[in-house]
Amino acid sequence: KESYVYVDLDAKADLPAGEALDTNKWDLAFQRFKIISNGGSSGPGAVKVAIVKDRDFASFTQAPADGYQQDASDTVFNGPEGGWYVYDLSKHKLATREDLFYVVQTSEGAFFKLQMKSYYDENGTPARMQFIWAKVQAP
């Protein structure tokens, strides 16, 4: 509940916390429903994130030229545009937003599109985030 899982999109790997923080090669970190990026208020890196709305994830092949942000008082994933999920108060469940996805400029300068798919695993266990990502061309 308090630890982060650090992910290096370039290496397609999660990193142990000590290694992630020592090397600064992490791009995103996940803690339950919270997602932070390695830039701005969340980390010392240069990772930037753009929010892409109302576009088809599958056919999206080139990163936008502008619109990138770093984490501030809210994280890019949990603040602007309402965040990556909606909360159903009647069911007490999170549902991913299908109207948006993200483009992440990584710590190594590559660009990846990323879309959140679920907060739950196939058994309904929470905090088991599932997402898809793919490299895209630079702007």
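**Exercise 1. Classify Ser118 by its accessibility, and describe its place and its polar contact.**

Solution. Ser118 has a relative accessible area of 18% and is therefore buried; buried means under 20% relative accessible area, exposed over 50%, and partly exposed in between, with a 1.4 Å probe and protein chains only. The model is a predicted one, in which local features need pLDDT of at least 70 and side-chain atom pairs count only at pLDDT 80 or more, whereas totals for chains, interfaces and linings use all residues. Residues are numbered from 1 along each chain as its sequence is written, and side-chain values use heavy atoms, with hydrogens and water left out.

Next, the place of Ser118 is strand S10. Strands (E, at least two residues) and helices (H or I, at least four) are DSSP runs, numbered from the N terminus.

Finally, a polar atom of the Ser118 side chain lies 2.9 Å from the backbone oxygen of Tyr120. A polar contact is a pair of N or O atoms within 3.5 Å; within protein, one must be able to donate a hydrogen and the other to accept it, and residues adjacent in sequence count only if both atoms are side-chain atoms.

**Exercise 2. Determine the strand order of the sheet that contains S10, and identify its edges.**

Solution. The sheet is open and has five strands in the order S6-S5-S9-S10-S11, with antiparallel pairing. Two strands pair if DSSP finds at least two bridges between them. S6 and S11 are the edge strands, each pairing on one side only.

Within this sheet, S10 and S11 run antiparallel and are joined by eight bridges. Lys113 has Ala134 in S11 as its bridge partner.

**Exercise 3. Describe the sheet formed by S1 to S4.**

Solution. Four strands form an open antiparallel sheet in the order S2-S1-S3-S4. Strand S2 (13-15) and S4 each have a single partner strand, so one side of each is left without a neighbour in the sheet. Neighbouring strands are turned by 30° against each other on average, direction ignored; the axes are lines fitted to C-alpha atoms, for helices over the stretch in contact, and angles run from 0 to 180 degrees between N-to-C directions.

For one pairing in detail, S3 and S4 share four bridges in the antiparallel sense. Leu28 has Ser37 in S4 as its bridge partner.

**Exercise 4. Examine the hairpin of S7 and S8.**

Solution. S7 and S8 run antiparallel, with four bridges between them. Asp88 finds its bridge partner in Lys93 of S8. Four residues lie between the strands of this hairpin, and His92 takes a positive phi near 55°.

Strand S8 (residues 93-96) has Leu94 and Thr96 on its covered face, and Lys93 and Ala95 on its uncovered one. Lys93 also lies over the face of Tyr120, at 4.7 Å from the ring centre. A charge sits over a ring if NZ of Lys or CZ of Arg is within 6 Å of the ring centre and within 35 degrees of the ring normal.

**Exercise 5. Analyse the aromatic pairs.**

Solution. The whole structure holds twelve aromatic pairs. Rings of Phe, Tyr and Trp (its six-membered ring) pair if their centres lie within 6.5 Å; planes under 30 degrees apart count as stacked, over 60 as edge-to-face and the rest as tilted.

Phe33 and Tyr85 form an edge-to-face pair, at 5.8 Å centre to centre and with 70° between the planes. This pair links distant parts of the chain, 52 residues apart: Phe33 in the loop between strand S3 (28-31) and strand S4 (34-37), and Tyr85 in strand S7 (residues 85-88). Phe33 is partly exposed, at a relative accessible area of 39%.

The pair of Phe57 and Phe101 is edge-to-face because the ring planes stand at 90°, with the centres 5.1 Å apart. Phe57 is buried, with a relative accessible area of 11%, and Phe101 is buried as well, with a value of 1%. Lys113 lies over the face of Phe57, at 4.5 Å from the ring centre.

Ring pairs also link Phe33, Trp84, Tyr85, Tyr119 and Tyr120 into a cluster.

**Exercise 6. Identify the residues and strands that build the nonpolar cores.**

Solution. The largest core has 23 residues, of which Phe30, Phe77, Trp84 and Met116 touch the most other members. A nonpolar core is a set of buried Ala, Val, Leu, Ile, Met, Phe, Trp, Tyr and Cys residues joined through side-chain atoms within 4.5 Å. S10 gives the most to this core, with five residues. A second, separate core of ten residues includes Val52, Phe57, Phe111 and Val136.
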